[in-house]
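Here is a short briefing on one protein model. Please look over the sequence and the structure before reading on.

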Amino acid sequence: MKPLVIAAALFAATPVFAQGDASRGEDLFRSCKSCHTIADGDNVIVRGGRTGPNLFGIMDNPVATADFRYSDALVALAEAGTVWDDANFIAWVSDPRAFLETTLGDSAPRTRMTFKLADGAEDIAAYLRSLSAQ
């Protein structure tokens, strides 16, 4: 195999991360902490609500894996093998219902997350990713 073809294959296999600003994402996460906490075991990074799941370590992990009671739609995504990569996370926080409609092909999915983030989803993704890397 030619070196250029090998390099192209390796590049294609490398995950592409959103170009978010983790510092800005930390600031923007204030709107998320009313429902979500970020904790690595007993190490609480952001104390937040318990309406939503703990968001520590979610990036690049399967949907609905935390110890939390998820909606049937998110459970279906988990069973399909959906992962919280940057694209999925950004689509989800921008419009959870539209994300479920598109991903599941369901015109009336149910989700408990009604918040839609108008701006900064890539920054929050970068922030969550930065915490997982520590």
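What do the buried residues of α3 pack against? They pack against α4 and α5. The model is a predicted one. The notes below start with the overall layout, then take the helices, the pocket and the loops in turn.

**Overall layout**

- The protein has six helices and two strands.
- Starting at the N terminus, the order of elements is α-α-β-β-α-α-α-α.
- The protein has 134 residues, and 32% of them are buried.
- Among contacts with a separation of 6 or more, 47% are between residues 24 or more positions apart.
- The exposed area of the protein is about 8,300 Å². Carbon and sulfur atoms supply 54% of that area.

**Helix α3**

- Helix α3 spans residues 72-79.
- Its buried residues are A73, L74 and L77. They sit on the same side of α3, because they cover an arc of only 95 degrees around the axis.
- The face turned away from that buried side carries the exposed residues D72 and E79.
- G81 follows α3. The phi of G81 is positive, near 85 degrees.

**Helix α4**

- Helix α4 covers residues 86-94.
- Buried in α4 are D86, N88, F89, W92 and V93. Viewed down the helix axis, these residues fall within an arc of 165 degrees, so they line one face of α4.
- The cover over the buried residues of α4 includes α3, α5 (96-104) and α6 (121-132).
- At the start of α4, D85 reaches in with its side chain. One of its side-chain oxygens comes to within 3.3 Å of the backbone nitrogen of A87.

**The D86 and R129 pair**

- D86 lies in α4, and R129 is found in α6.
- Is D86 buried or exposed? D86 is buried, because its relative accessibility is 5% and the cut-off for buried is under 20%.
- R129 is also counted as buried, with a relative accessible area of 16%.
- The side chains of D86 and R129 are joined by a polar contact of 2.4 Å. This contact links a residue of α4 with a residue of α6.
- A second residue to view alongside D86 is A126. The two are 40 residues apart in sequence. In space, their C-alpha atoms are 8.4 Å apart.

**The largest pocket**

- How much space lies in the largest pocket? The volume is about 860 Å³.
- The pocket is lined by 43 residues. Those nearest its centre are H36, G52, P53, N54 and L55.
- Helix α4 gives the largest share of the lining, with three residues.
- A probe the size of a water molecule, rolled over the atoms, shows where empty space is left.

**Loops and backbone angles**

- Most residues other than glycine have a negative phi. Two residues to check on this point follow.
- D60 is not a glycine, yet its phi is positive, near 70 degrees. Its place is in the loop between β2 (43-46) and α3.
- With a relative accessible area of 37%, D60 is partly exposed.
- A64 is not a glycine either, and its phi is positive at about 60 degrees. A64 is found in the loop between β2 and α3.
- Where does G41 lie? It lies in the loop between β1 (38-40) and β2.
- G41 is exposed, because its relative accessible area is 61% and the cut-off for exposed is over 50%.
- G41 and F56 are 15 residues apart in sequence. The C-alpha atoms of G41 and F56 are 9.2 Å apart in space.

**To look at in the viewer**

- Start with α3 and its buried residues A73, L74 and L77.
- Then turn to α4, and find the 2.4 Å polar contact between the side chains of D86 and R129.
- Move on to the pocket, with H36, G52, P53, N54 and L55 nearest its centre.
- End at the loop between β2 and α3, which holds D60 and A64.

Notes
Residues numbered from 1 in each chain as written. Predicted model: local features only at pLDDT ≥ 70, side-chain atom pairs only at ≥ 80, totals over all residues. Heavy atoms only, no water. Helix = DSSP H or I, 4+ residues; strand = E, 2+ residues; numbered from the N terminus. Buried < 20%, exposed > 50% of the residue type's maximum accessible area, 1.4 Å probe, protein only. Polar contact = N/O pair within 3.5 Å; in protein donor to acceptor, adjacent residues only side chain to side chain. Arc of directions from axis to C-beta. Contact = heavy atoms within 4.5 Å. Areas by Shrake-Rupley, 256 points an atom, 1.4 Å probe, with all protein chains shown as cover. 1 Å grid on protein atoms, 1.4 Å probe; cavity = no way out; pocket = protein on both sides within 12 Å on 5 of 7 lines; lining within 4 Å. Points joined across faces, edges and corners; volume = space filled by probe spheres on them.
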